[in-house]
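Colleague: I'd like to go over the internal cavities in this one. Can you put the model up?

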Amino acid sequence: MAENEVLSLLDSAKTQLYHFKAIVIAGMGFFTDAYDLFCISLVTKLLGRIYFTEEGAKKPGSLPPNLAAAVNGVALCGTLAGQLFFGWLGDKMGRKRVYGVTLLLMVFCSIASGLSFGSGANQVIGTLCFFRFWLGFGIGGDYPLSATIMAEYSNKKTRGAFIAAVFAMQGFGILAGGAFAIVISAIFRALYPSKPYMVDPLHSIPPQADYIWRIILMIGALPAALTYYWRMKMPETARYTALVAKNATKACEDMSKVLNVEIEANIENKDEETNAFSLFSSQFLCRHGLHLLGTTTTWFLLDIAYYSQNLFQKDIFSAVGWLPPAKELSAIDELYKIAVAQSLIALCGTVPGYWFTVALIDHIGRFTIQLLGFFFMTVFMFALAIPYHHWTLKANKTGFVVMYGLTFFFANFGPNATTFVLPAEIFPARFRSTCHGISAAAGKAGAIIGAFGFLYAAQNQDKAKADAGYPAGIGMRNSLLVLGGISLIGLLCTFLVPESKGKSLEEMSRENERDEGGESSIRREVV
């Protein structure tokens, strides 16, 4: 059939400028996604100080447990819903037609989040949570659409690296969030000097601090807005047009734009395909059921550990004494130190891990990278947890941070990247975006468990030493042990996932297992 020959040209095409352009266009969406999702962890302590500090209290205010859980987790709930909805819509309407909508949602809701106002603290936080839910909804759509588009544009030799490169922009987004918070807090600290809370509680929180968190949240709209025009200029993927929309002529036209070739397709006596089973049919479950189970469980387990670590870095650093107690800092000083700590982890662990995956994924394979990643996450989690008291000693704090950074390195040079890549490669084109959305939504379900669960679980086992309003938890040491156990289960679930290195999308999805009832011819002329 003509479309099969068209797709074989895509698989064998040389890497061109358009591929890198697509990486940047899709990747800037993930840059924005990571900035928006993780910048909230930078400002939650500031929000607590501004809106919940009580006069005469010994310690600065913090968000009450229910509000802290909502602020940290509501965007993840929106992301889960967006992944399912836009994943399904991307298969029904086409990848390109809904690709711009996700960016518009992110732009509008980033700005609206920073403009959250109300007559009281609860109203401000409630408005913030409302807009962050819809911000997450837009972010969720970016996962299945970007992965699917990049997979369907790529050749089979470098497809893994291209998809991973899109996802790797998350690392720069996390780093940019920390860097911008450092800059903005340094500026406000110079303009509005303030004393530590223990010295002068009243003036440790300057009124201008309320602008800081708003500016940090709103700036996330900028990269998404700058990318919108270029997303709208991208053609629909040839694979969607040929295999789902059944328009081989249009597929040839779209591929000509991508690969700078002129293609003429002549299709005669094309019979209806026989390989037309529906999603979750017995035939789908027979062919892809275990694969979908593998992609959902590994992403679910990975995100419990990954988001627990990422969203609550500040609490982990405080627990081991790497960050001074809140009362020894002013509000802006605390934000500055949290931003420096998170930026250091991102620079030394998160970003390198992503790009090691990009460099090696098409050489050693997705399966190997995921297996090694889960293995070393397990090792380093246990290495932090078992001798936990050792790491809390002043002389060993740097060692703790190094070990903690290594868990991030192997999460990103490991399952955090491969769980994104694999669902875009192993399912049929008509289900590809939907199945990626389902897999990603399972991951966000894990992230929600991590965000809400870790907040309570990591509290001190002595209720008197727990944060105000929280019940006693299982403690930081036991929480890290649990995360290590979860990583070990993720390692075992990796064996459900196939290796896709060097194989075409149609080979992995068994797309071509159909009756060949027609004849076709295709002619290519290089321009």
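Colleague: How do the residues lining the largest cavity divide into nonpolar, polar and charged?

Modeller: This is a predicted model. In the lining of the largest cavity, six residues are nonpolar, five are polar and none is charged.

Colleague: Which residues are they?

Modeller: The lining is made up of Ala34, Tyr35, Phe38, Cys39, Leu42, Gly173, Ile174, Gly177, Gly178, Gln342 and Ser343. Two or more lining residues come from each of α2 (17-38), α7 (159-191) and α14 (331-364).

Colleague: Which element gives the largest share?

Modeller: α7, with four residues.

Colleague: And how much space lies in that cavity?

Modeller: About 60 Å³.

Colleague: Stepping back, how many cavities of 30 Å³ or more does a search of the whole structure find?

Modeller: Four. The second largest has a volume of about 40 Å³.

Colleague: What lines the second largest cavity?

Modeller: Tyr143, Phe167, Gln170, Trp299, Asp303, Tyr306, Tyr307, Asn416 and Lys444. By class, that lining has five nonpolar, two polar and two charged residues. Asp303 and Lys444 are among the residues there, and both count as charged.

Colleague: Which elements supply at least two residues of that lining?

Modeller: α7 and α12 (282-311). The most comes from α12, which gives four residues.

Colleague: So where does α7 turn up, to recap?

Modeller: In both linings: α7 gives four residues to that of the largest cavity, and at least two to that of the second largest.

How values were computed: Residues are numbered from 1 along each chain as its sequence is written. This is a predicted model: local features need pLDDT of at least 70, side-chain atom pairs count only at pLDDT 80 or more; totals for chains, interfaces and linings use all residues. Side-chain values use heavy atoms; hydrogens and water are left out. On a 1 Å grid over the protein atoms alone, a cavity is a set of points where a 1.4 Å probe fits but cannot get out, and a pocket is an open set with protein on both sides within 12 Å along at least five of seven lines; lining residues have an atom within 4 Å of a point. Grid points are joined across faces, edges and corners, and a volume is the space filled by probe spheres set on the points.
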